[in-house]
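Student: I should like to learn how to read the features of a protein model. Could we begin with pockets?

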Amino acid sequence: MGHGGDVINELTTDHREVEELFTRITELPSGDPERKRLADQVTMELVRHSVAEEAYLYPAVREHLPDGDALADKELEDHASAERTMKELEGCEADDARFDALITQLMAEIREHVADEEANLLPRLRDTCPQETLEELGDKVRQAKKTAPTRPHPAAPDKPPANKLLAPGTGMVDRLRDALSGRGKHS
């Protein structure tokens with residue numbers, strides 16, 4: 001995460017990386033512990049990505065698109081649903097009876113969200129937003145992902161200013177927990 005370019009290039013690159021992780025998960029047999037490690041990695045990437053979108057992309061959507069409030073609210077609902085799924089998945093090991101159903105549900109939620117974002121929201125934003133603004137948003141999103149939480153927090157605020165104030169502290173605690181537990185480390 002953190003690729004360069006404008007906000008649209010940054011976010012679509014994130015989408016490709018998450019899809020690659022989903023593919024790796026589906027290629028492994030049910031119950032394989034590597035599925036859990038990859039699911040944790042997906043969760044970490046998705047949470048950072050979502051926090052950055054909520055802090056910078058959706059406020060820009062509200063500002064630059066005529067129906068921006070409704071679009072941003074729908075995206076936030078998608079995030080909330082996926083975050084609840086990730087929270088439930090976090091408590092499962094790969095051999096847990098619920099793991100396969102939850103990872104399948106998460107993949108479906110994220111794929112639908114990404115398809116809608118890339119087909120509708122991002123092209124409309126590119127058409128209405130000055131390129132300089134898109135570049136600035138790309139920088140802000142990259143910075144936000146560096147300090148964002150890495151674990152799902154479904155009850156956390158998802159709108160500015162509260163999300164921008166709380167995310168870095170929560171992110172620091174999450175990264176410390178990850179370091180101590182080894183979560184998200186490549187084997």
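Tutor: A pocket is an open set of grid points with protein on both sides, and its lining residues have an atom within 4 Å of a point. Please note that this model is predicted.

Student: Which helices each supply at least two residues of the lining of the second largest pocket?

Tutor: H1, H2, H3 and H4 each do so. H3 gives the most to this lining, with seven residues. The pocket itself has a volume of about 220 Å³. It is lined by 19 residues, and those closest to its centre are Asp78, Ala82, Glu109, Ile110 and His113.

Student: How do the residues of this lining divide into nonpolar, polar and charged?

Tutor: Six are nonpolar, six are polar and seven are charged.

Student: Which residues of the largest nonpolar core touch the most other members?

Tutor: A nonpolar core joins buried residues through side-chain atoms within 4.5 Å. Here the largest such core has 22 residues, of which Val42, Leu46, Leu89, Ile103, Leu106 and Ile110 touch the most other members. H4 gives the most to this core, with seven residues. Beyond residues up to four places away in sequence, Leu89 touches Lys36, Ala39, Phe99, Leu102, Ile103 and Leu106.

Student: Is Arg16 buried, exposed or partly exposed?

Tutor: Partly exposed describes a relative accessible area between 20% and 50%. Arg16 has 46%, and it is therefore partly exposed. This residue is found in helix H1, residues 7–27. Leaving aside neighbours within four places in sequence, Arg16 is in contact with Val114 and Glu118. Arg16 and Val114 are 98 residues apart in sequence, yet 9.6 Å apart in space, C-alpha to C-alpha.

Key:
Residues numbered from 1 in each chain as written. Predicted model: local features only at pLDDT ≥ 70, side-chain atom pairs only at ≥ 80, totals over all residues. Heavy atoms only, no water. Helix = DSSP H or I, 4+ residues; strand = E, 2+ residues; numbered from the N terminus. Buried < 20%, exposed > 50% of the residue type's maximum accessible area, 1.4 Å probe, protein only. Contact = heavy atoms within 4.5 Å. 1 Å grid on protein atoms, 1.4 Å probe; cavity = no way out; pocket = protein on both sides within 12 Å on 5 of 7 lines; lining within 4 Å. Points joined across faces, edges and corners; volume = space filled by probe spheres on them. Nonpolar A, V, L, I, M, F, W, Y, C, P; charged D, E, K, R; others polar.
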